[in-house]
Amino acid sequence: MTADETYLSLALQLARKAAALGEVPAGAVVVRAGEVIGQGHNSPIALHDPSAHAEILALRQAGQNIGNYRLEGTTLYSTLEPCVMCAGAIVHARVARLVFGARDLRFGGVRSKFHLADSSVLNHQVEIVEGVLGAECVSLLQAFFETRR
């Protein structure tokens with residue numbers, strides 16, 4: 001298993017936790033120099049907070065853990081393509097790499113709808129890797145939404 005697959009597997013565990021709590025199953029992990037410094041799963045319902053996406057929570061925790069809002073040299077792993085809000089936060093935090101599993105065809109901010117995180121008009125571009133453990137990520141989302149319909 002590659003390092004990207006290992007960390008995305010951890011994000012998938014967090015996504016499963018979100019699903020068990022009735023939240024959209026998305027999980028995120030921030031890694032720096034081989035160490036997990038932040039993690040989160042979708043929690044907008046539980047926290048009554050529209051910004052409580054997995055990526056935002058993972059970025060907040062990472063910043064707290066290193067004592068800096070700039071997360072240079074980090075990789076953010078997310079089971080789902082970040083939305084525009086999360087993509088903006090990733091750019092502002094100066095995350096070096098984004099690795100995600102499944103595209104979000106409705107709200108995707110880095111590939112599906114917009115290309116925000118690596119836009120040349122911004123002062124920071126994030127390296128993007130997509131599709132890591134993609135089938136597992138898509139399967140988890142499909143199973144979650146099938147039970148809701």
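Two strands are said to pair when DSSP finds at least two bridges between them, and by that criterion strand E1, residues 27-32, pairs with strand E3, residues 74-80, since five bridges join the two, which run antiparallel. The model discussed here is a predicted one, and the pairing of E1 with its neighbours is a convenient place to begin reading it.

Individual residues show how E1 and E3 are matched: Val30 has Leu76 as its bridge partner in E3, and Arg32 has Thr74 as its partner in that strand. E1 also pairs with E2, again in the antiparallel sense, here over six bridges, and within this pairing Ala28 stands opposite Gly40 of E2. E1 and E2 form a hairpin with two residues between the strands, and in this hairpin Ala33 takes a positive phi near 50 degrees. As for its surroundings, E1 is mostly covered, five of its six residues being buried.

These pairings belong to a wider arrangement, an open sheet of five strands in the order E2-E1-E3-E4-E5, in which the pairing is mixed. The edges are formed by strand E2, residues 35-41, and strand E5, residues 127-130, each of which pairs on one side only. On average, and with direction ignored, neighbouring strands of this sheet are turned by 15 degrees against each other. Helix H5, residues 134-148, packs on the sheet, where it touches E3 and strand E4, residues 97-102, and the direction of the helix makes about 55 degrees with that of E4.

A separate matter is the state of the cysteines. How many disulfides does the structure hold? The structure holds zero, and the reason can be followed for Cys83 and Cys86. The sulfur of Cys83 has its closest cysteine sulfur in Cys86, at 3.7 Å, and because a disulfide requires two cysteine sulfur atoms within 2.5 Å, this separation is too far for a bond. Seen from the other residue, the sulfur of Cys86 likewise finds its closest cysteine sulfur in Cys83, at 3.7 Å, so no bond is assigned from that side either.

Are these two cysteines buried or exposed? Cys83 is buried, with a relative accessible area of 14%, and because the cut-off for burial is under 20%, this value falls within it. Cys86 is also buried, with a relative accessible area of 0%. In the predicted model, then, Cys83 and Cys86 are both buried, yet their sulfurs, 3.7 Å apart, are too far from each other for a bond.

Key: Residues are numbered from 1 along each chain as its sequence is written. This is a predicted model: local features need pLDDT of at least 70, side-chain atom pairs count only at pLDDT 80 or more; totals for chains, interfaces and linings use all residues. Side-chain values use heavy atoms; hydrogens and water are left out. Buried means under 20% relative accessible area, exposed over 50%, partly exposed in between (1.4 Å probe, protein chains only). Helices (H or I, at least four residues) and strands (E, at least two) are DSSP runs, numbered from the N terminus. Axes are lines fitted to C-alpha atoms, for helices over the stretch in contact, and angles run from 0 to 180 degrees between N-to-C directions. Contact means heavy atoms within 4.5 Å.
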